[in-house]
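Me: I would like a close look at a single part of this model, worked through carefully and set in the context of the chain around it. Please take the residues one group at a time.

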Amino acid sequence: MVTFPSQSEAATSSRGGGTGITAAVLALLGGLFHLVGVAGGAVLLAGDNDLGRSLLTFATHLLLAVALITGGVGLVLAKEFGRVATIIGAAAALVVYLLVLVLGAFGVYFLGLLDGDVPLVYIGVLCVPAIGTLVLACLPPTGRWVTQGWS
């Protein structure tokens with residue numbers, strides 16, 4: 001006789017591939033976004049008169065891109081370092097976005113923003129996938145995914 005696990009048993013025994021892979025995809029997309037920011041920072045370095053802002057923009061995008069891409073690849077491979085790097089990268093991105101808002105209120109602009117108003121909608125749109133990535137990477141099923149993997 002064939003018995004099927006109940007829905008609650010199936011949910012608790014899930015390896016978490018859905019949350020792990022989704023977090024990986026979001027991390028990779030965030031990393032690609034910041035990789036484009038690295039290119040923009042390089043352009044700023046070449047043509048902006050404010051070297052400090054240009055270096056800060058370039059370095060911030062570079063660090064976030066490295067953390068998120070490393071985390072995304074690690075999660076696809078179901079490795080613990082991928083989960084940790086994704087959590088660090090997404091949390092750092094949220095801190096940077098908050099800094100853009102706070103410093104922009106005091107007239108300090110970076111991350112590719114020039115003098116003027118900080119676009120709240122733009123920052124809000126950036127926060128949504130970063131929060132989703134952070135939440136998914138922190139969930140227990142993702143933890144099971146990195147310990148049990150593809151097998």
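What is the volume of the largest pocket, and which residues lie nearest its centre?

Reply: In this predicted model, the largest pocket has a volume of about 170 Å³. Its lining is made up of 13 residues, and those that lie nearest the centre are Leu 26, Gly 30, Leu 126, Pro 129 and Ala 130. Three helices, namely H2 (17-47), H4 and H5, each supply at least two residues of that lining, and H2 gives the largest share, with six residues.

The setting of the pocket is a chain with six helices and zero strands, so that, in the notation used for such patterns, the order along the sequence reads α-α-α-α-α-α. Of the 151 residues in the chain, 37% count as buried. Among the contacts with a separation of 6 or more, 70% are between residues 24 or more positions apart. The UniProt entry, which is unreviewed, carries the annotation "transmembrane region" for residues 21-46, 58-78, 90-114 and 120-139. Over the annotated span 21-46 the model is 100% helix and 0% strand, with the end C-alpha atoms 38 Å apart, while over the span 58-78 the chain is 90% helix and 0% strand, with the end C-alpha atoms 30 Å apart.

Two of the residues nearest the pocket centre, Leu 126 and Ala 130, also belong to the largest nonpolar core, which has 11 residues and further includes Leu 64, Ala 93, Leu 94, Val 96, Tyr 97, Val 100, Phe 110, Ile 123 and Cys 127. The elements that give two or more residues to this core are helix H4 (80-105) and helix H5 (120-138), and H4 provides the largest share, five residues. H4 and H5 are thus named both for this core and, together with H2, for the lining of the pocket.

Phe 110, a member of the same core, can be followed outward through its contacts. Leaving aside its neighbours within four places in sequence, Phe 110 is in contact with Arg 53, Leu 56, Thr 57 and Thr 60, and also with Val 96, Leu 99, Val 100 and Leu 103. A second, separate core has eight residues, among them Ala 24, Leu 136, Ala 137 and Trp 145.

Cys 127, another residue of the largest core, has a relative accessible area of 18% and is therefore buried, as this value is under 20%. Cys 138, by contrast, is partly exposed, with a relative accessible area of 41%. A search of the whole structure finds zero disulfides.

H2, which supplies the largest share of the pocket lining, also holds Thr 19. Thr 19 is buried because its relative accessible area of 17% falls under the 20% limit. Its contacts, not counting neighbours within four places in sequence, are with Leu 136, Leu 139, Pro 141 and Thr 142, and of these Leu 136 is also a member of the second core.

On the side of H4, Ile 87 lies within that helix and counts as partly exposed, at 24% relative accessibility. Ile 87 and Val 135 are 48 residues apart along the chain, yet their C-alpha atoms are separated by 8.5 Å. With neighbours within four places in sequence left aside, Ile 87 is in contact with Leu 134, Ala 137 and Cys 138, which brings in both a residue of the second core, Ala 137, and the partly exposed Cys 138.

Helix H3 (residues 51-76) contains Phe 58, which is partly exposed, with a relative accessible area of 24%. Phe 58 and Gly 40 are 18 residues apart in sequence and 7.5 Å apart in space, C-alpha to C-alpha. Apart from residues up to four places away in sequence, Phe 58 touches Val 38, Gly 41, Ala 42 and Leu 45.

One backbone detail remains, in the loop between H3 and H4, where Ala 78 is found. Most residues other than glycine have a negative phi. Ala 78, although not a glycine, has a positive phi of about 60 degrees. At 7% relative accessibility Ala 78 counts as buried, because the value is under 20%.

Terms used: Residues numbered from 1 in each chain as written. Predicted model: local features only at pLDDT ≥ 70, side-chain atom pairs only at ≥ 80, totals over all residues. Heavy atoms only, no water. UniProt positions renumbered as here; feature names shortened; annotations may be inferred. Helix = DSSP H or I, 4+ residues; strand = E, 2+ residues; numbered from the N terminus. Disulfide = S-S within 2.5 Å. Buried < 20%, exposed > 50% of the residue type's maximum accessible area, 1.4 Å probe, protein only. Core = buried A, V, L, I, M, F, W, Y, C linked by side-chain atoms within 4.5 Å. Contact = heavy atoms within 4.5 Å. 1 Å grid on protein atoms, 1.4 Å probe; cavity = no way out; pocket = protein on both sides within 12 Å on 5 of 7 lines; lining within 4 Å. Points joined across faces, edges and corners; volume = space filled by probe spheres on them.
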